[in-house]
Amino acid sequence: MERVRFAPSPTGYLHIGGVRTALFNWLWARKRQSQGGGGFVLRIEDTDRERSTQASVDVILDSLRWLGLDWDEGPGVGGPSGPYTQMERLPIYKEYADLLIAKSKAYRCYCTKEELDAQRAALKARDPKAQFRYPGTCRGRTDAPALPHVVRLLVPETGSVRYVDKVFGEIVTPNAAQQDFVLLRSDGVPLYNFGAVVDDTSMGITLVARGRDHMVNTPPQIMIYEALDRPPPAFAHLPMMLAPNGEKLSKRHGAVSVTEYRDQGYSPRAVLNYLARFGWSHGDQEVFSLDELVAAFDWEHCNKSDGKFDAKKFLAINHEHLKTPRLTSDAEYAARTQPFVAARGLDVGVASIETVVPLIRERAVTFVDAADRLDFVFRDPPAIDAAAATKFLVPASAPLLRQLAAVLEPVEPWIAAPLEAAVNAWLPGTGLPMKDIAQPARVALTGRTASPGLFDVIAVLGRTRVLARLRAAADSIG
């Protein structure tokens, strides 16, 4: 059974770069499950005690749930390999550290921070460009376990670490490039590489897929696996998500957290669709359902080159999801739009919104946009744009709006085609082009100069409200 994991640090919001990592792992686990075996583990790496918060844990869990990236083991789900939060696993790390010491693969180092800082400063004074390396002062010591100490790995001085990355191919790193690095701090909290290896091996992780920036961590982690006499997992390192200017993508470049895109009215599956195509390709196909992504995903078509985040393309993918019924049903569209309608002060149920989704599906690019475009349907009277009223609700429009109301009033059935036919039959007698009547009517009915098709609007609003709005607009003119 192939097992993968996502192990975020709860030090803030869930970055969309992290979501891309979670997604690739989730897709592979679900694909392997469809083929007979696979598991997706969620683990919280909270050893940064100064920055880790429960609020950040909650944001991570809520964000993953909103995206639909469910986990087979982890917080809130449980499983046989728990706990799934690192600070609850400190006895496990001590057990593994003691095992390495007993095997003479690690040792206790009693050098204080002040001593090492002094050695580092002395080296810098002699050679400002020199890179400080632990001098091996305590190398091999295992005595005095009661004294304050850290645990260091006894790194081989010759040889190399070699592995085949699923994205980058064979990677070779000489052991001489490493030093006897710390595994466990004096307070019993593991450093990143040791904690990750202990967790991955004890949780049975068979593939570690993560960002390319973690490639520097892979050789020391493989050293720890070898010291433990455990087979390392496979590794897949993913290209980085960069800002348009080539820098690491951050808040100063725009929205980067999952919750921001949720609050801006993006579809969660559109978010996953865009992130899947960021660093992975499947021919020329750009738009995918989640099931299509699971079926198509593989490591062979992951890119090595970093990519630049494209907000316009992201929005275009979202628009495709919103306007395509097979990707977003009317019922789901209405359910995701309803909170944004409510935020506009309108008490409207999901069922009512669902009946008018076809009216705006083609044009709305987000669910926030959809709520805005539907405002006139549910607000009585509609909010009239002042500039639109000044331009189109002029004295000459008043009699036309009253005549239009009289033409529409007897039409049966009240649907777009006969409504349009009635107006087209009346129009030649006015001697005016359609636009001279359509624009005042549009502003009277919707409050705006841009709206869905006029006769679709008339049909959706219903006879009573259409007649009332046309006559109210005529009366307001003068």
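A nonpolar core is here a set of buried Ala, Val, Leu, Ile, Met, Phe, Trp, Tyr and Cys residues joined through side-chain atoms within 4.5 Å, where buried means under 20% relative accessible area, exposed over 50% and partly exposed in between (1.4 Å probe, protein chains only). The model is predicted, and local features need pLDDT of at least 70, side-chain atom pairs count only at pLDDT 80 or more, and totals for chains, interfaces and linings use all residues. Residues are numbered from 1 along each chain as its sequence is written, and side-chain values use heavy atoms, with hydrogens and water left out.

The largest nonpolar core has 87 residues, and Leu64, Leu153, Leu183, Phe194, Trp299 and Phe309 have the most contacts inside it. Helix 1 (residues 16–34) supplies the largest share of this core, 9 residues. Helices (H or I, at least four residues) and strands (E, at least two) are DSSP runs, numbered from the N terminus. Apart from the largest core lies another, of 52 residues, which include Val348, Val357, Phe376 and Ala474. Contact means heavy atoms within 4.5 Å. Not counting residues up to four places away in sequence, Trp299 touches Phe24, Trp28, Lys166, Leu207, Ala209, Ala236 and Leu238.

Leu207 and Ala209 lead to strand 8 (residues 207–211), which is largely enclosed by the rest of the structure because 5 of its 5 residues are buried. Strand 8 pairs with strand 9 (residues 234–238) in the parallel sense over 5 bridges; pairing requires that DSSP finds at least two bridges between two strands. In this pairing, Gly211 stands opposite Leu238 of strand 9. Together with helix 6 (residues 218–227), strands 8 and 9 make a right-handed β-α-β unit: with the strands pointing away from the viewer, the path from the first strand over the helix to the second runs clockwise.

Helix 5 (residues 192–202) is mostly covered, with 9 of its 11 residues buried. Phe194 is one of these buried residues, as are Asp199 and Asp200. The cover over the buried residues of helix 5 includes strand 1, helix 3 (90–102), strand 7 (182–184), strand 8 and helix 6. After helix 5 comes Gly204, with a positive phi near 70 degrees.

Gly204 is also among the residues that Arg3 touches, along with Glu73 and Leu207. Arg3 lies in strand 1 (residues 2–6) and counts as buried because its relative accessibility is 13%. Its side chain makes a polar contact with the side chain of Glu73 (2.8 Å). Such a contact is a pair of N or O atoms within 3.5 Å; within protein, one must be able to donate a hydrogen and the other to accept it, and residues adjacent in sequence count only if both atoms are side-chain atoms.

Further along the chain is helix 19 (residues 454–461), whose buried residues are Leu454, Phe455, Val457, Ile458 and Leu461. They lie on the same side of helix 19 because they cover an arc of only 155 degrees around the axis, the arc being that of the directions from the helix axis to the C-beta atoms. They pack against several helices, including helix 12 (350–360), helix 17 (416–430) and helix 20 (463–477). Gly462 follows helix 19 and has a positive phi, near 90 degrees.

His319, in helix 10 (residues 311–323), is buried because its relative accessible area is 17%.
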